[in-house]
Amino acid sequence: IEKYFVIEQDDKIIGAGGINFSSDMKIGKISWDFIQVDYHGKGLGKQLLDHRIQLLKSINTLEQITVRTSQFAYKFYEKQGFKLLEIKKDFWANEIDLYFMKLE
């Protein structure tokens with residue numbers, strides 16, 4: 001991971017997420033996202049994602065932004081403008097599928 005961002009509240013880490021890149025710097029990849037369950041629905045995940053998308057869009061070589069997630073989080077990314085391109089069954093673990101998405 002080239003860059004990683006952390007959300008802290010009251011000296012506790014409550015969320016984080018990173019970005020990394022393809023070797024040619026044409027693809028920016030959203031990666032390693034989490035928001036603690038007690039903080040879901042408060043807009044923190046969206047703020048964290050928006051921050052990284054704006055950072056990625058400022059890189060002039062970038063042509064595409066992607067995310068690899070699971071069936072548990074893909075709806076969040078879909079609401080943020082990502083489109084589902086591919087599903088691979090049991091990719092991460094038994095009954096945890098890969099959902100590969102691209103920002104439109």
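Colleague: By class, how many nonpolar, polar and charged residues does the lining of the largest pocket have?
Modeller: A word first: this is a predicted model. The pocket in question has a volume of about 940 Å³. Its lining takes in 31 residues. By class, they are 14 nonpolar, 10 polar and 7 charged.

Colleague: Which residues lie closest to the centre of the largest pocket?
Modeller: The lining holds 31 residues. Closest to the pocket's centre are Asp33, Phe34, Thr69, Ala73 and Tyr77.

Colleague: Which element gives the most to the lining of the largest pocket?
Modeller: Helix H1 (44-57), strand E4 (64-69), helix H2 (74-79) and strand E3 (27-35) each supply at least two residues. One of them gives the most, with 7 residues. That element is E3.

Colleague: What pattern does the protein chain follow along the sequence?
Modeller: Count the elements to begin with. The chain has 2 helices and 6 strands. Read along the sequence, they give β-β-β-α-β-α-β-β.

Colleague: Why is the protein chain as compact as a globular protein of that length?
Modeller: Take the rule as the yardstick. For 104 residues, the globule rule gives 13 Å. The chain comes close to that value, so it is as compact as a globular protein of that length, with a radius of gyration of 14 Å.

Colleague: What share of the residues of the protein chain counts as buried?
Modeller: Buried here means under 20% relative accessible area. The C-alpha trace spans about 40 × 35 × 25 Å along its principal axes. Of the chain's 104 residues, the buried share is 34%.

Colleague: In what order do the strands of the open sheet stand?
Modeller: The sheet has 6 strands, and their pairing is mixed. From one edge to the other, the order is E1-E2-E3-E4-E6-E5.

Colleague: Why is one side of E1 and of E5 left without a neighbour in the sheet?
Modeller: Strand E1 (3-9) and strand E5 (82-93) stand at the edges. One side of each is left without a neighbour because each has a single partner strand.

Colleague: By how much are neighbouring strands of this sheet turned against each other on average?
Modeller: The value ignores strand direction. On average, the turn is 20°.

Colleague: In which sense do E5 and E6 pair?
Modeller: The two strands form a hairpin with 2 residues between them, and Glu95 in the turn has a positive phi of about 70°. Across the pair, Lys83 stands opposite Lys102, and Ile87 faces Tyr99. E5 and E6 (residues 96-103) share 7 bridges, and the sense is antiparallel.

Conventions
Residues are numbered from 1 along each chain as its sequence is written. This is a predicted model: local features need pLDDT of at least 70, side-chain atom pairs count only at pLDDT 80 or more; totals for chains, interfaces and linings use all residues. Side-chain values use heavy atoms; hydrogens and water are left out. On a 1 Å grid over the protein atoms alone, a cavity is a set of points where a 1.4 Å probe fits but cannot get out, and a pocket is an open set with protein on both sides within 12 Å along at least five of seven lines; lining residues have an atom within 4 Å of a point. Grid points are joined across faces, edges and corners, and a volume is the space filled by probe spheres set on the points. Helices (H or I, at least four residues) and strands (E, at least two) are DSSP runs, numbered from the N terminus. Ala, Val, Leu, Ile, Met, Phe, Trp, Tyr, Cys and Pro count as nonpolar, Asp, Glu, Lys and Arg as charged, and the others, Gly among them, as polar. Two strands pair if DSSP finds at least two bridges between them. Axes are lines fitted to C-alpha atoms, for helices over the stretch in contact, and angles run from 0 to 180 degrees between N-to-C directions. The radius of gyration is taken over C-alpha atoms; the globule rule is 2.2 Å times the number of residues to the power 0.38. Buried means under 20% relative accessible area, exposed over 50%, partly exposed in between (1.4 Å probe, protein chains only).
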